[in-house]
Every structure is written in C-alpha cells, then in structure tokens.
Amino acid sequence: MRTVLKLGAGVGIMLLLLIGARGLYPSDPLTVVYAVSNGGNISITPIPPYSHPDDNGFLMVDISPESPFYPGEGKGLSVNSTYVFEGVFGIGNNQSETGFSDICVRISSADPSVGFFVGNFNGTWSESVEFTVGDSENVEVGARISTGDLSLGDYWEEFTVEAWGGACR
Amino acid sequence: MKKLLALGMLGLMIAAAFALGTSATFRDYRAQRSSHIAVVTDDAELIDLTPVQPYAYINDGGQLVIDFSENNPNWPGHNNPEGWYDDEKNPLGSGLSPQSRYNFDHVFNVSNHLWDNKDIIVRVTSSDSGKVAFYDPGKNMREVGTSVKPYNSDTAVGDVCFVLAPGQALGVGMELAAGNTLGDYDVTITVQAWPADNAPITCGGG
C-alpha cells in the first residue's frame, strides 16, 4: 500500500518534468543547465563592431581599444560628447526554446550615461526600455552614450536584461 | 526492487528540480551584461578633433580648445619670455586687435575613425557666427542647407557641413572677427555627425 502511494507521487513528478522539458528544451537536461547559465533561453546576439561576446560568451558592449573590432584608430568617446549607435545587439525569441509566441523584454541600464532604444533612433531613449519580441523575431537594440562631464578613463558598467512570457502590457 | 524504485525516484526528483528550476528561470529571466567605454581625449575618439595649428590644443580635460590669447600653452612667451613682453610687461602677440579679421586655414581636423566603415556627414556650428565662422580652401565644405561652398574669408559662415569617408579627415579653417572693444570673448563650437545615408540635414547636393 505504501509502495503504491510512492509510485503515484513519482508519476506526478514525471509529468511535470515532461511538460517542463518539452516546453523549454527538447534535448537532455545537462544541456539545460548549460544553456541557462549562458542566458540561452532568449537569444542575445552581439552585433559588431561595438559589441562582442566576452570570454564567457556573454554580450559585452565595448567601445575601447580592448574590443576585438578596434581598427587601430578611434579609441573611444571624448569628454562631453554624445554618441548614438543603432543596432548594438539583438534580442531574439525562438518559440521552441522559450515556449511563448511573444515575450516581453526589458533592458535597463545601471548608469545614466548609457541609455537604450529600439530600432532606429528617433530622438528618444531611456535608461530602461521594454519591448515585445514575437516568435522568430529579432529586435535590434541601440545605445545612446553621453559622456557628460565624465573625466578621462575607462568605465565598466552593467545593464540588466529581463524577459518573461507574453507581450508587454 | 523497492530500493531501485526509491533510487529512480530520487533521480527523477533531481531531474524535475532541474526542469522546474529552468522553467522558473525563463519566467523571470534576468541577466547582467556589461559595457566598457573608454573616455578619451578629443584627438583619439571615434570622430576625432585634432589640433593642427598652435592656436588649437587639447586641454587637461581632454577637450579641444582654440585659444588666441596668452592663456594658450603654445603661446611662445611661456617658454621664452625674452621678446614676448613689452616694456610695461604686457604680453605681445597674445590676441587679436579690435575690429580686425584673421583667417587661419586648418585650425583643427575632424576625422572619421568610426569602426563601422560608413560615410558620415559632419556639421560644425559656431555659437556666434559674427565672431567665428568656418571655411575650407579645398572647397569640401558647404553651408548647411545650401550648396554654397565657403572657401575663404569672405565666404566663411557659422554653420557648415561636409562628408567624410572612413579614415578621411578635413581641416576646418576659421575666420575670426574681433569685437569693437578689448576683452575676452568665448565662442562655443558644436560638432555633430550622422551616417551619410541617414542624416537629418542635407549637405550640398552636388
């Protein structure tokens, strides 16, 4: 009698596993763990030359001579200047991986000198942008960087990429 | 048999935890990514401004300054006071006289060192075109919105534009008109640039 109860519980867990596995990852669970640590649920694609994958394969926006795309001239941005770069990186939604035909993505900057916008620059930007990405769609995100009264030097900052199922409200 | 079942269930539960964990990760997906931006001097940036004449220099803050006064570190009297001061200890050659006009070809260079190999349109605007205007003897410059080419002192204007191919540079010449009275005058020069195929201004047109 006790054994039967345990078996019932085991079946319940197995069903959950199947739903989870089919919705997110068709392949084996080991890949799952790797993909998650890599942020692989949604695709974040660096678009050269102003961003590239760092040593861990993570997107890095890099406007310095350390970028692999640094052509030998134009080392960075100057003091008191504003630069707008369209299409610095792309965010994609593959429904077979996310399980959603629409996902809502939010990108927020921890640094007021870096703002983001979607698609072509029309004069507006924000430290935090939210947009919907449909199935198989790839949305290009641009960056507006204003050095204001920063002094000469190197600046490392972070920005956050968040996503959830369903269109943005 | 019982033992095997228990072991299998343990495995299942671990696997389930993985799957559930990952599905929760997507529902609340969050990742930190980094940016690295080098703030550099005006003469080393993507669209760089390089002093060509001694009247222009890069200051301690990394910004291009055009300075026709004894405050300019390139004023020869700083290193060699002999002959650069008059009997009353006034600095010589330290500025422009009232109601005079001076022309300087190629005071500073603007160049296109963007990494994306695109032509750009550059616009240079003076905050006071009556005091500072721009020209290029090589006739590569246009007045913004017209096809007029400011190429000398008489044609210099305060709002000019030009196209730069990747790696190309253009020297900006300056026409200075001093005011009627002695004193210091500050004029701000604004440099803007856009990709040539997507610029809000037209530059020439043939």
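In what order do the 4 strands of the open antiparallel sheet in chain B stand? To see this in the model, which is a predicted one, select the strands of chain B and follow the sheet across in the order E2-E5-E10-E7, where the pairing is antiparallel. Strand E2 (47-51) and strand E7 (132-135) of chain B lie at the edges, and because each has a single partner strand, one side of each is left without a neighbour in the sheet. If you look across this sheet, its neighbouring strands are turned against each other by 35 degrees on average, with direction ignored.

Next, select strand E2 of chain B together with strand E5 (residues 101-112) of chain B, since these two pair in the antiparallel sense over 5 bridges. Within this pairing, B:Asp48 can be picked out opposite B:Ser111, which belongs to E5(B).

Stay in strand E2 of chain B and centre the view on B:Ile47, which has its place there. Is B:Ile47 buried or exposed? B:Ile47 counts as buried because it has 21 C-beta neighbours inside 10 Å, where 20 or more are required. Setting aside neighbours within four places in sequence, the contacts of B:Ile47 are B:Val110, B:Asn112, B:His113, B:Leu114, B:Ile120 and B:Ala193. One of these, B:Ile120, is 73 residues away from B:Ile47 along the chain, yet their C-alpha atoms are separated by 9.5 Å.

Now move to another open sheet of chain B, whose 4 strands have the order E8-E9-E6-E11 with antiparallel pairing. Its edge strands are strand E8 (142-143) and strand E11 (189-195) of chain B, each of which pairs on one side only. Select strand E6 (residues 120-126) of chain B with E11(B), and you will find them running antiparallel and joined by 7 bridges; among the residues to display here are B:Arg123 and its bridge partner in E11(B), B:Gln192.

Turn then to chain A, where the secondary structure comes to 3 helices and 10 strands, and where the elements run from the N terminus on as α-α-β-β-β-β-β-α-β-β-β-β-β. Of the 169 residues in chain A, 31% are buried.

For the last stop, display the largest nonpolar core, which has 66 residues and in which A:Leu77, A:Val105, B:Val122, B:Phe134, B:Phe162 and B:Val172 have the most contacts. Choose A:Val105 and show its contacts beyond the neighbours within four places in sequence, namely A:Ile42, A:Ile91, A:Phe131, A:Val133, A:Val161 and A:Ala163.

Technical notes
Residues numbered from 1 in each chain as written. Chains lettered and ligands numbered in written order. Predicted model: local features only at pLDDT ≥ 70, side-chain atom pairs only at ≥ 80, totals over all residues. Core = buried A, V, L, I, M, F, W, Y, C linked by C-beta atoms within 7 Å. Buried ≥ 20, exposed ≤ 12 C-beta atoms within 10 Å, placed from the backbone. Contact = placed C-beta atoms within 7 Å. Pairing = 2+ DSSP bridges. Axes fitted to C-alpha atoms, helices over the stretch in contact; angles between N-to-C directions.
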